[in-house]
Amino acid sequence: MDHVRRKRIIKRTIKEQGILFFVPLIINDVMIPCIVWTTYKKFGTADETRRVILSFTQYFIPFFAGWWLFLNMMKYIDGEGNEIFYIRQRSKIAEVLMLYGFYIVANTWPYLIYKNILQNSGLEWLRICIESFLFVSMVYFFAFLLKSMAFAMIPTVCYGFASVFDRGMHRPLFYYYDEHAVSMTMLQQKYGLLLLSACLMLFVGYVLNRRLERYH
């Protein structure tokens, strides 16, 4: 996808989604940094500030990674409720990856601030990228597996809530949330598995996308 086409798609996406497009940006790039700054002014570089950064960034940034993709798919619902997204045979993989890349770029700048507070902020940014890729892949995968855009968000929402409220390193399913600063070992082991899972879901979603001829 050339630069001109990417720019055109991004402009069209912003116009079509309207005010909803800015929800992740307002939360991730404005509200969370404000909360972090308030905590920093009160506690300095104490553990409480690092805990706030880890908690809020992992709560919201990955979850909202699928927001633009979901809204982008919703535009294919016609006036009678038919999900014409599924009868358009063109592959959506380029659009999916483009939205993911734009999302990561748009939510990177706060980490330039967090690096002065958070240990291993570069590795933490990589962890967020992996988690966000997981959520994008989940939306894309379930959209074509379940053949319903509404149902596609249910597993994603359930996984997000489970990761926050039933978190832990020793669960049968490696939930993405972790309240400790990430290390290279953890990134390679726990989040390496999540990255492989995300790549697998993206690939299967792509195969289902290509094979689906018509949705009834």
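## The nonpolar core

In this predicted model, the largest nonpolar core holds 59 residues, and L69 and Y159 touch the most other members. The elements that each supply two or more residues to this core are α2 (23–43), α3 (47–60), α4 (67–74), α5 (93–106), α6 (110–114), α7 (121–145), α8 (149–165) and α9 (184–211). Of these, α7 gives the most, with 15 residues.

Setting aside its neighbours within four places in sequence, L69 is in contact with V96, L99, V136, V139 and Y140. As a general principle, nonpolar side chains in soluble globular proteins tend to be buried together.

## Helix α2

The 21 residues of α2 should span 30 Å at 1.5 Å a residue, and the C-alpha atoms at its ends lie 28 Å apart, so the two values agree. The helix has a kink of about 25° at M31, shortly before the proline P33.

Which residues of α2 are buried? They are P24, L25, I27, N28, D29, I32, P33, V36 and T39. P33, the proline that follows shortly after the kink, is thus also one of the buried residues. After α2 comes G44, which has a positive phi near 70°.

## Confidence in the model

The protein chain has an average pLDDT of 80, and 81% of the residues score at least 70. Confidence is highest in α2, at a mean of 91, and lowest in helix α1 (residues 3–17), at a mean of 67.

Over residues 77–84 the pLDDT falls below 50. Beyond near neighbours in sequence, this stretch has 11 contacts in the model.

Terms used. Residues are numbered from 1 along each chain as its sequence is written. Side-chain values use heavy atoms; hydrogens and water are left out. A nonpolar core is a set of buried Ala, Val, Leu, Ile, Met, Phe, Trp, Tyr and Cys residues joined through side-chain atoms within 4.5 Å. Buried means under 20% relative accessible area, exposed over 50%, partly exposed in between (1.4 Å probe, protein chains only). Helices (H or I, at least four residues) and strands (E, at least two) are DSSP runs, numbered from the N terminus. Contact means heavy atoms within 4.5 Å. pLDDT is the predictor's confidence in each residue, from 0 to 100. The expected span of a helix is 1.5 Å times one less than its number of residues. The bend at a residue is the angle between axes fitted to the seven residues ending there and the seven starting there.
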